[in-house]
Each structure stands twice: as C-alpha cells, then as structure tokens.
Amino acid sequence: MPLTPRLQSGAATLAITLLLLIATSIMSFALARNGLLEQRILHNELWGTEAFHRAEALLEQAMHELQYQDPATLGWQAGEPGWEVASLAVPDLSLPEAVSAEGYSLALDLRRRAAYPEWLEVMARAQGSSGSGARLRQYVRVEANGAGPAPWRVTRLPGSWRDF
C-alpha cells in the first residue's frame, strides 16, 4: 500500500512554534520594561544622592561663613510672626558636564527667632531639574569667639543634622 502525505501534517508543529514565539516575545518585552524601570530607579537614586551632597556642601559652607561674618549684618527681614529671615550667598558648586549633566537650583536660607538672635536655623536646598532634590536643616548657636582666627564661634545643636 503506497504512503500518501497527510493534508495537515505540520499544523501541530506550526501551532506550537507560534505559541513559543508569542511566549518568548512577551518575556522579552517584560524584561525590557523591567530593565528600563531599573534604569530610571538608578538615575533617580544617583540624582537624589548628588542633590544631597550638594545640599550638604552648602550647609558646610554656611557653617564656615558664619564663623567670619557678624550675624547682625546679614540683612534680617521680618518673616513669620516672631521670626526673622536672611539669605547667604550661594557658592558655585557646579561640576563638569562629564560628571553631572543635571542643573541644580541652590538656596541657603537662615531663620532666627527675634527673641533669641544667637540661635539660627540654617537651611540648605538643592533642587535638580529632573525633580530630584534635598533639603537639610541645621540649628546652630553663634556667639562671639573673642581672640582667635575666627571672630565667631558656631556651635551645632546635636540631633538637628549631625551630631558632632
């Protein structure tokens, strides 16, 4: 008896191959989406860390400047009831574009209660163009140092930012 080819001999193979192709495509898209999500998370973390370091550098700069500048000459203005506000000049903390392509808006603000002018609240803010940002706050006491290279002594209040 001669062998005759069946009419649908490859139909099952074709169906299984198509199912495997669809499953592989779905897995590939899911892995690519997961990779993009991880990349976004990494960039946000890096930008947030960079903003934090810039705000920390601003805070340290403010501590240094307060040692050499009379707090009474900072141009205090009335703020919220019972508070006075002032701003310090922001130093240039820009990095080469090869290191950081994101631009940051930096601010260094001071607040004090009118009743306690020697106690200051120093606030450093670094806000990135991508939305990442950091804000640090340190409470300090500024008093005359007497003799010494720095005319003012800045004492950090423990627990407000760092314990020194």
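**From the helix to the strands and their shared core**

In this protein chain of 164 residues, 26% count as buried, and the coordinates discussed here belong to a predicted model. The chain exposes about 11,300 Å², of which carbon and sulfur atoms supply 60%. Its secondary structure consists of one helix and six strands, arranged from the N terminus on in the order α-β-β-β-β-β-β. As for the reach of its contacts, among those between residues at least 6 apart in sequence, 51% join residues at least 24 apart.

The helix, α1, covers residues 11-68 and includes L21. On the surface, L21 forms a nonpolar patch together with L14 and L18, and the accessible area of these three leucines comes to about 300 Å² together. L21 counts as exposed because its relative accessible area is 53%, which lies over the 50% cut-off for that class.

From the helix we can turn to three of the strands, β3, β4 and β5. Strand β3, residues 104-113, runs antiparallel to strand β4, residues 116-128, and nine bridges join the two. A hairpin through two residues leads from β3 to β4, and within this pairing R111 stands opposite E121 in β4. Strand β4 is also joined by nine bridges to strand β5, residues 133-144, again in an antiparallel arrangement. Here R125 stands opposite R135 in β5, while the hairpin formed by β4 and β5 has four residues between the strands, with G131 in the turn showing a positive phi of about 100 degrees.

Where do the helix and these strands come together in the interior? The largest nonpolar core holds 23 residues, and those that touch the most other members are L66, L74, L108, L110, V122 and V140. Each of α1, β3, β4 and β5 supplies at least two residues of this core, and the largest share, seven residues, comes from α1.

V122, one of the core residues that touch the most other members, offers a detailed view of these surroundings. Once its neighbours within four places in sequence are left aside, V122 is in contact with L59, A62, M63 and L66, with L108, D109 and L110, and with L136, R137, Q138 and V140. Read against the element boundaries, L59, A62, M63 and L66 fall in α1, L108, D109 and L110 fall in β3, and L136, R137, Q138 and V140 fall in β5. In general, the side chains of a regular strand alternate between the two faces of the sheet.

Conventions. Residues numbered from 1 in each chain as written. Predicted model: local features only at pLDDT ≥ 70, side-chain atom pairs only at ≥ 80, totals over all residues. Heavy atoms only, no water. Patch = residues over 30% accessible without salt bridge, like charges linked within 9 Å, V, L, I, M, F, W, Y side chains within 5 Å. Areas by Shrake-Rupley, 256 points an atom, 1.4 Å probe, with all protein chains shown as cover. Salt bridge = Lys/Arg side-chain N within 4 Å of Asp/Glu carboxyl O. Buried < 20%, exposed > 50% of the residue type's maximum accessible area, 1.4 Å probe, protein only. Pairing = 2+ DSSP bridges. Contact = heavy atoms within 4.5 Å. Core = buried A, V, L, I, M, F, W, Y, C linked by side-chain atoms within 4.5 Å.
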